[in-house]
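The following account considers where empty space is left within and on a protein model, and how selected helices pack against one another. The reader is invited to keep the structure in view while following the text.

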Amino acid sequence: MTKCNPFSLEGKTILVTGASSGIGRATAIECSKLGARVVLTGRNEARLAETFAQLEGEGHVQIVADLRKQEDVDRLVAETPALNGLVNNAGQNSLVTVNYIEQADLDKVYQTNVFAPILLTKGLLKKRKIAKGGSIVFTSSISASLSTPANGIYASSKAAITSYMRTCAVELGSRGIRANAILPGTIETTLGVGAIPDELIAKDKELYALKRYGKPEEVAYAIIYLLSDAAAWVTGTSLVIDGGRLLK
């Protein structure tokens with residue numbers, strides 16, 4: 001008798017936010033390779049279509065939505081089929097030193113990184129769109145516990161969503177729904193490397209034990225683990241994927 005692969009996503013439907021680029025795009029593509037039916041969402045219709053074209057298998061869905069707008073969140077919840085997994089991945093950054101922070105800077109980052117995933121998760125749960133045995137994964141960051149200049153808004157937003165994840169794990173455990181977060185270091189994406197001045201990249205890489213930045217698919221593999229049955233007894237966990245950055 002052949003034992004089922006616990007890392008397979010066959011028969012699972014997974015919603016990935018921020019799927020038009022970076023970690024979200026890689027996660028959606030890798031999920032499809034492992035047999036999942038993927039529901040993609042993002043603000044940019046053209047880039048979302050590029051991700052959709054790279055998916056393997058059939059039955060996938062793409063829904064253009066700006067999660068900073070409650071009406072788009074409500075529409076996404078209504079149009080999303082029953083789910084086995086939710087990847088709250090959409091992210092936004094803004095580099096501002098503490099004495100220059102304005103309300104607009106806070107709104108820009110917190111609407112995407114904190115309020116959107118909280119309200120989307122709430123909406124899907126209230127409509128019972130996440131099945132028993134389902135998994136919710138939040139993309140946080142090692143910035144939540146690593147202080148760097150001008151990164152206070154982003155870092156605090158990621159600390160907030162990591163804390164919220166733990167509350168989800170406690171409250172949803174009785175429903176058989178797991179909640180976890182992945183905390184990447186700098187990843188080779190526009191949001192990641194794009195936030196670092198070119199002249200500082202080589203020096204910054206030296207802070208990593210592996211002397212390089214991560215690739216989007218390397219984070220996607222960790223997300224897939226948390227979505228899969230292999231992680232059936234894992235909840236409330238913050239999984240660091242940082243190439244050894246926090247060792248320094």
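**Enclosed and open space**

The structure holds one cavity of 30 Å³ or more. The model under discussion is a predicted one. The volume of the largest cavity is about 80 Å³. Its lining is formed by 14 residues, and those nearest the centre of the cavity are Asn88, Asn89, Ala90, Thr112 and Pro117. Two or more lining residues come from each of α4 (103-126), β5 (130-139) and α5 (152-172). Helix α4 provides the largest share of this lining, namely five residues. In terms of residue class, the lining of the largest cavity comprises seven nonpolar residues, six polar residues and one charged residue.

Attention may now turn to the pockets. The largest pocket has a volume of about 1,300 Å³. A total of 50 residues line the largest pocket, with Asn93, Tyr154, Leu191, Gly192 and Ala195 lying nearest its centre. The elements that contribute two or more residues to this lining are α1, β2 (37-42), α5 and α6 (198-205). Among the elements, α6 gives the most, with three residues. The lining of the largest pocket divides into 18 nonpolar, 24 polar and eight charged residues.

The second largest pocket encloses about 150 Å³ of space. It is lined by Gln70, Val73, Asp74, Val77, Ala78, Leu119, Lys122, Gly123, Lys126, Lys127 and Lys129. Helices α3 (70-79) and α4 each supply at least two residues of that lining, and α3 gives the most, with five residues. By class, the lining of the second largest pocket has four nonpolar, two polar and five charged residues. Helix α4 thus appears in the lining of the second largest pocket as well as in that of the largest cavity.

**Packing of α4 and α5**

Both α4 and α5 contribute to the lining of the largest cavity, and these helices also pack against each other, at an angle of about 15 degrees and with their axes 9 Å apart. Because of that angle, α4 is roughly parallel to α5. The crossing of α4 and α5 is right-handed. On the side of α4, the contact is made by Asp105, Leu106, Val109, Tyr110, Asn113, Val114, Pro117, Ile118, Thr121 and Leu125. On the side of α5, Ile153, Tyr154, Ser156, Ser157, Lys158, Ala160, Ile161, Tyr164 and Leu172 take part. The contact of α4 with α5 consists, by class, of 13 nonpolar, four polar and two charged residues. Two of these contact residues recur elsewhere: Pro117 is among those nearest the centre of the largest cavity, and Tyr154 is among those nearest the centre of the largest pocket.

**Packing of α1 and α7**

A further helix pair is formed by α1 (residues 22-33) and α7 (residues 216-227), which pack at an angle of about 55 degrees with their axes 8 Å apart. That angle is why α1 counts as oblique to α7. The crossing of α1 and α7 is right-handed. From α1, the residues in contact are Gly22, Ile23, Ala26, Thr27, Glu30 and Cys31. Their counterparts in α7 are Pro216, Glu217, Val219, Ala220, Tyr221, Ile223, Ile224 and Leu227. This contact of α1 with α7 includes 10 nonpolar, two polar and two charged residues. Helix α1 also gives two or more residues to the lining of the largest pocket.

Key: Residues are numbered from 1 along each chain as its sequence is written. This is a predicted model: local features need pLDDT of at least 70, side-chain atom pairs count only at pLDDT 80 or more; totals for chains, interfaces and linings use all residues. Side-chain values use heavy atoms; hydrogens and water are left out. On a 1 Å grid over the protein atoms alone, a cavity is a set of points where a 1.4 Å probe fits but cannot get out, and a pocket is an open set with protein on both sides within 12 Å along at least five of seven lines; lining residues have an atom within 4 Å of a point. Grid points are joined across faces, edges and corners, and a volume is the space filled by probe spheres set on the points. Helices (H or I, at least four residues) and strands (E, at least two) are DSSP runs, numbered from the N terminus. Ala, Val, Leu, Ile, Met, Phe, Trp, Tyr, Cys and Pro count as nonpolar, Asp, Glu, Lys and Arg as charged, and the others, Gly among them, as polar. Axes are lines fitted to C-alpha atoms, for helices over the stretch in contact, and angles run from 0 to 180 degrees between N-to-C directions. Angles under 35 degrees count as roughly parallel, over 145 as roughly antiparallel, 65 to 115 as roughly perpendicular and the rest as oblique. A crossing is left-handed if the near helix is turned anticlockwise from the far one by less than a right angle, and right-handed if clockwise. Contact means heavy atoms within 4.5 Å.
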